Amino acid sequence: MDSMENHICVHGHFYQPPRENAWLEQIEIQDSAYPYHDWNERIGAECYTPNAESRILDGEGYITKIVSNYSRMSFNFGPTLLSWLERSLPSTYEAIQAADRESLERFSGHGSAIAQAYNHMIMPLANRRDRVTQVRWGIADFQHRFGHAPEGMWLPETAVDIETLDILAEHGITFTILAPRQAARVRRIGDAEWSDVMGEKVDPRHPYVQNLPSGRSIAVFFYDGPIAKAIAFEGILSSGEALAGRLTGAFVDSQGSPQLVHIAVDGETFGHHHRFGDMALAYALDHIEANGLARITNYGEYLEQHPPVHEVEIAENSSWSCIHGIERWRSDCGCNSGGHADWNQEWRAPLRTALDWLRDAVAPLYEEKARRYLNDPWAARDDYIRIILDRSVETVDAFLGQHAHHVLDAGERIKFLKLMELQRHAMLMYTSCGWFFDELSGIETVQVMQYAGRVAQLGQELFGDDIEGKFLALLAEARSNLKEQGDGKRIYERFVKPAMVDLTSVAAHFAISSQFESYEDEVRMFCYPATVEDIETAEMGKARLTMGRVNLSSEITTESGVFTFGVLYFGEHSLNAGVRTYQSDTEYAQMKQDLSATFASADFAEVIRSLDRHFGSSTYSLKSLFKDEQRKVMSHILESTLSDIEQVFRQLYEHHFPPMRYLTEMGNPLPKAFKDAAEFIINTDLRRVIDADTLDGARIETLVIDAHTWGSELDLEGHGYLLQKALGRMIRTLSDNPDDTNLLSALTAAVDMSHALPFPVDLGEVQTPYYRMLPTVRQERKVRADGGDEAATSWLQQFDTLGEHLSVRTE
């Protein structure tokens, strides 16, 4: 059979659960992602960016091409992840968009990007209203980002039933992708007899059509399960050739008709779960295409060229990650991530029960209240994605012009936006990862509780009912596997309640953080713009008094307020702060006068009493800071303490260096005190040297040798991360100033040194900018060198030497 009748499609489901703090709309620091700020940032560096600039190697391990995998594969990105990428990794975000545009040209007008149900809700477990909104938001978000309508839609965890497929078809979606075990029976179109294909017996090499009760239909692709499993779990990504061979080896010569070999896996498989997995994929697709082994395609193109000739009946309430159907998201079915054989997941059912109650409790209250402003509250919710994507005044005005039955005043607009946000969070709280893992107190489950907390908070503000109390009574039925965590109510009170934010707590954050950094008159704290109307500071020894007035607003709900504050800081971690809404100029002037006079008398106890009189007994401390700022401030406070510790350790290390060296040469073990001091000092010095403006390679190598001598444990990931960033800064500077031969020489030496260090350093951050300089900067110098320009010839030699160290072919 002609190899061009054989088609290959690789689908990557790129997704991370929304991790943003429900009140700040940004991700707070996650220590488990060290050395990165959070897991999105880490996976972005390991997967999302590498797949946009993946390296293809020749037989000698040299880079010959850098390509975008996205432009040659099928892919979907979770809308909430794309929102984060747009803010945090804009160049990667733009590369993903560009790849879809390129794929439109490559694949006969069919883009490789497909949509996803908005926030990864398990669709068969949702009510119909939520399913419709998830689909409409997913489509609208896709059109906003990619500029065209989606042909396909990814179902979260491929969880499916007939009603969900009918909703997709109703909204113009032509296909979806399922696991092979999700096919129940098939037959050729026009035949009377069905064939049972339960147990993954479906032939994945053809598309199928699922006819629906409404009279609509949708195409279904069932991916090749064994190959997908080999990619995800069996190490096949260790070789691009092996991957290519496995894909091309799945064709059946005897079929005599066009075939599609296709797989679907988590996109994070290519780089995050399997380091350099993106490179194996890039090589495989390039190898298959260059050698004419098959035609690379995407689902939309293949469907147009080869419409289904078989129909299917799906296995309802099934998914790709639970052999029990969809039980993983509502019961203790036995599916878990492993590692804790003595744990159970009995908490899943009461968690879902509590969230279902919360959703159903606020729905009629929402509808009743929203009708005061909107023609159709649920149609407005379906369209609210417009505002989520663009929160400008103009967009809100246009939205209300379409949906409101009268012109809303400022107070009504705030209530309208709070009602919409209540519904947004009532869907975010169903993000599937809340049930996927093993433990109720895990970060993914706490995250969905946080979204539920935002629903309860807004419900309390809008409707006045004790929604939170009733919700927590149900949540208490969910029991943790960890004795210290107790139940869902205790976990909520421990992790969710402290994260809750209102304008007063934002004002407190501003007041306290102003002790440690200077703010401009206009400042943005997460999603809260602030205008500093007045601020005064007085100092006496270590003590400092700050008083002021700040105007705050929310970008999300537009509510605003003016707050006055007073902060007494004693140094280190001792701090008292008071905050209240602004009352009047007279009251504000009196507060400043009282606090200033008392502070001037050095009667600090009376200053605290004065703070209580003016601001009430609800005072704030460093614990009131948001997590990232809290970490930053504590680092500042502990700087002198750590400096003292370092001085003691350094004296111990340097003073006893010679006898300890002699001790090791005699084969004796080091005293623990010295070993601890050595480890602290070596790691501290390495961080400083690597993070310095100029890399001192000799010093780095000496410190690594010392670590080996003393058997010190190095912070390999942390040092590797810093070195990777330092090299990235150097190549970017060189790209802007290519004639800086001193920098070129220093970068070459640093790259050469990185090969000998024990740190994990991915040189992709250097290789990609270097590769991009080849057809422009290098080519221009080569022309000059060929013309006899000695300076250009010298530069070319240096630049090519760098390429040699980077393993990049320059010609």
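Let's start with the hairpin of E16 and E17. Two residues sit between these strands. In the turn, Gly541 has a positive phi of about 65 degrees. This is a predicted model, so keep that in mind throughout. Strand E17 covers residues 543-553, and 10 bridges join E17 to E16 in the antiparallel sense. One pair to look at is Met540, whose bridge partner in E17 is Ala543.

Now step back along the chain. E16, residues 528-540, also pairs with strand E15, residues 522-525. That pairing is antiparallel too, over four bridges. Val523 has Ala530 as its bridge partner in E16. This hairpin also has two residues between its strands, and Phe526 takes a positive phi near 60 degrees.

Next, the six-stranded sheet. What is the strand order? It reads E7-E11-E10-E14-E8-E9. The sheet is open, and the pairing is mixed. Which strands stand at the edges? E7, 175-178, and E9, 195-196. Each has a single partner strand, so one side of each is left without a neighbour in the sheet.

Look at the E9 edge. Strand E8, residues 183-188, runs antiparallel to E9, and two bridges join them. Arg185 has Asp196 in E9 as its bridge partner.

What lies across this sheet? Helix H5, residues 162-170, lies across E7, E10, E11 and E14. Against E11, the helix runs at about 115 degrees.

Over to one loop residue, Glu53. You'll find Glu53 between helix H1, 39-48, and strand E2, 54-57. Its side chain makes a polar contact of 3.4 Å with the side chain of Arg772. Leaving out residues up to four places away in sequence, Glu53 touches Ile66, Val67, Thr768 and Arg772.

Last topic: empty space. How many cavities of 30 Å³ or more does a search of the whole structure find? Three. The largest has a volume of about 60 Å³. It is lined by 13 residues, and the closest to its centre are Phe77, Leu82, Ile114, Phe142 and Phe146. Four elements give two or more residues to that lining: strand E4, helix H2, strand E5 and helix H4. By class, the lining has nine nonpolar, three polar and one charged residues.

The second largest cavity holds about 50 Å³ of space. Its lining is Pro17, Pro18, Arg19, Gln30, Ile443, Glu444 and Gln447. That divides into three nonpolar, two polar and two charged.

Definitions and conventions: Residues numbered from 1 in each chain as written. Predicted model: local features only at pLDDT ≥ 70, side-chain atom pairs only at ≥ 80, totals over all residues. Heavy atoms only, no water. Pairing = 2+ DSSP bridges. Contact = heavy atoms within 4.5 Å. Axes fitted to C-alpha atoms, helices over the stretch in contact; angles between N-to-C directions. Polar contact = N/O pair within 3.5 Å; in protein donor to acceptor, adjacent residues only side chain to side chain. 1 Å grid on protein atoms, 1.4 Å probe; cavity = no way out; pocket = protein on both sides within 12 Å on 5 of 7 lines; lining within 4 Å. Points joined across faces, edges and corners; volume = space filled by probe spheres on them. Nonpolar A, V, L, I, M, F, W, Y, C, P; charged D, E, K, R; others polar.
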